[in-house]
Amino acid sequence: ESEVKNIREELVVGEKYDNENAIIEVVPGAGGQEASLFAEEVFHFYIQYCQDRGCDIEIVEETKQALNKSSKSIASSGLTKGIVKILSDNPSYQVFRLLKYESGVHRVQRVPVTGTK
């Protein structure tokens, strides 16, 4: 097992900022209320993911919007913008390395919880 670990470390060379903290920003894309609900789920997913790995989090901004009252959603609001700092005093956590490839667009394809039948 230690040989596998050594090979893995050699193949995945660390980079300059791997031991630094990270900031994540989540904003909804096109899709109105459903996009706002999905953005909120993604935001809280990242918070839980980092906490489960022993990192501290600091929510810098969490802006929500009220959902349309005619919506079938059980949620009353969705995220319009969320920014969170992921912190660790322990360099072995490598916060930036954990999250550096998390960028771009996340797309959801599901039956909208805000839709009507």
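Me: Contact means heavy atoms within 4.5 Å. With that in mind, which strands does helix α2 lie across in this predicted model?

Reply: Helix α2, residues 32-52, lies across β1, β2 and β3. Its direction makes an angle of about 20° with β3.

Me: Happy to start there! What makes Glu-40 a buried residue?

Reply: Buried means under 20% relative accessible area. Glu-40 has 12%, so the residue is called buried. Glu-40 belongs to helix α2.

Me: Which residues does Glu-40 touch, leaving out those up to four places away in sequence?

Reply: Glu-40 touches Glu-62, Lys-64, Ser-77, Gly-78 and Leu-79. Two of these partners also face each other in the sheet: Lys-64 stands opposite Leu-79 in β3.

Me: How do you know that β2 and β3 count as paired strands, and in which sense do they run?

Reply: Pairing requires at least two bridges between the strands. β2 (residues 56-66) and β3 share 10 bridges, in the antiparallel sense, so they qualify as a pair. Besides the Lys-64 pairing, Thr-63 stands opposite Lys-81 in β3.

Me: And what makes β1 a partner of β3?

Reply: The same test applies, with at least two bridges needed. Strand β1 (residues 22-26) and strand β3 (residues 77-87) have five bridges and are antiparallel, so this pair passes too. Within this pairing, Val-26 stands opposite Gly-82 in β3.

Me: What is the strand order in the sheet, and why are some strands called edge strands?

Reply: The open sheet has three strands in the order β1-β3-β2, with antiparallel pairing. β1 and β2 are the edge strands, as each pairs on one side only. On average, neighbouring strands are turned by 10° against each other, with direction ignored.

Me: Which residues have the most contacts inside the largest nonpolar core, and what makes it a core?

Reply: A nonpolar core joins buried residues of the nonpolar kinds through side-chain atoms within 4.5 Å. The largest one here has 16 residues, and those with the most contacts inside it are Ile-24, Val-26, Phe-43, Val-84, Ile-86, Val-95 and Leu-99. β1, α2, β3 and α3 (95-99) each supply at least two of its residues, while α2 gives the most, with seven.

Me: Where does Leu-99 make contacts beyond its neighbours within four places in sequence?

Reply: Leu-99 is in contact with Ala-22, Ile-24, Tyr-49, Cys-50 and Ile-86.

Me: How does the whole chain look, element by element?

Reply: From the N terminus on, the elements run α-β-α-β-β-α, giving three helices and three strands. Buried residues make up 27% of the 117 residues. Of the contacts between residues at least 6 apart in sequence, 70% join residues at least 24 apart.

Me: How much confidence does the predictor have in the chain, and which element has the lowest mean pLDDT?

Reply: The protein chain averages a pLDDT of 79, and 80% of the residues score at least 70. Helix α1 (residues 2-11) has the lowest mean among the elements, 75, while β1 has the highest, 90. Where pLDDT is low, the predicted coordinates should not be read in detail.

Methods:
Residues numbered from 1 in each chain as written. Heavy atoms only, no water. Helix = DSSP H or I, 4+ residues; strand = E, 2+ residues; numbered from the N terminus. pLDDT = per-residue confidence, 0-100. Axes fitted to C-alpha atoms, helices over the stretch in contact; angles between N-to-C directions. Buried < 20%, exposed > 50% of the residue type's maximum accessible area, 1.4 Å probe, protein only.
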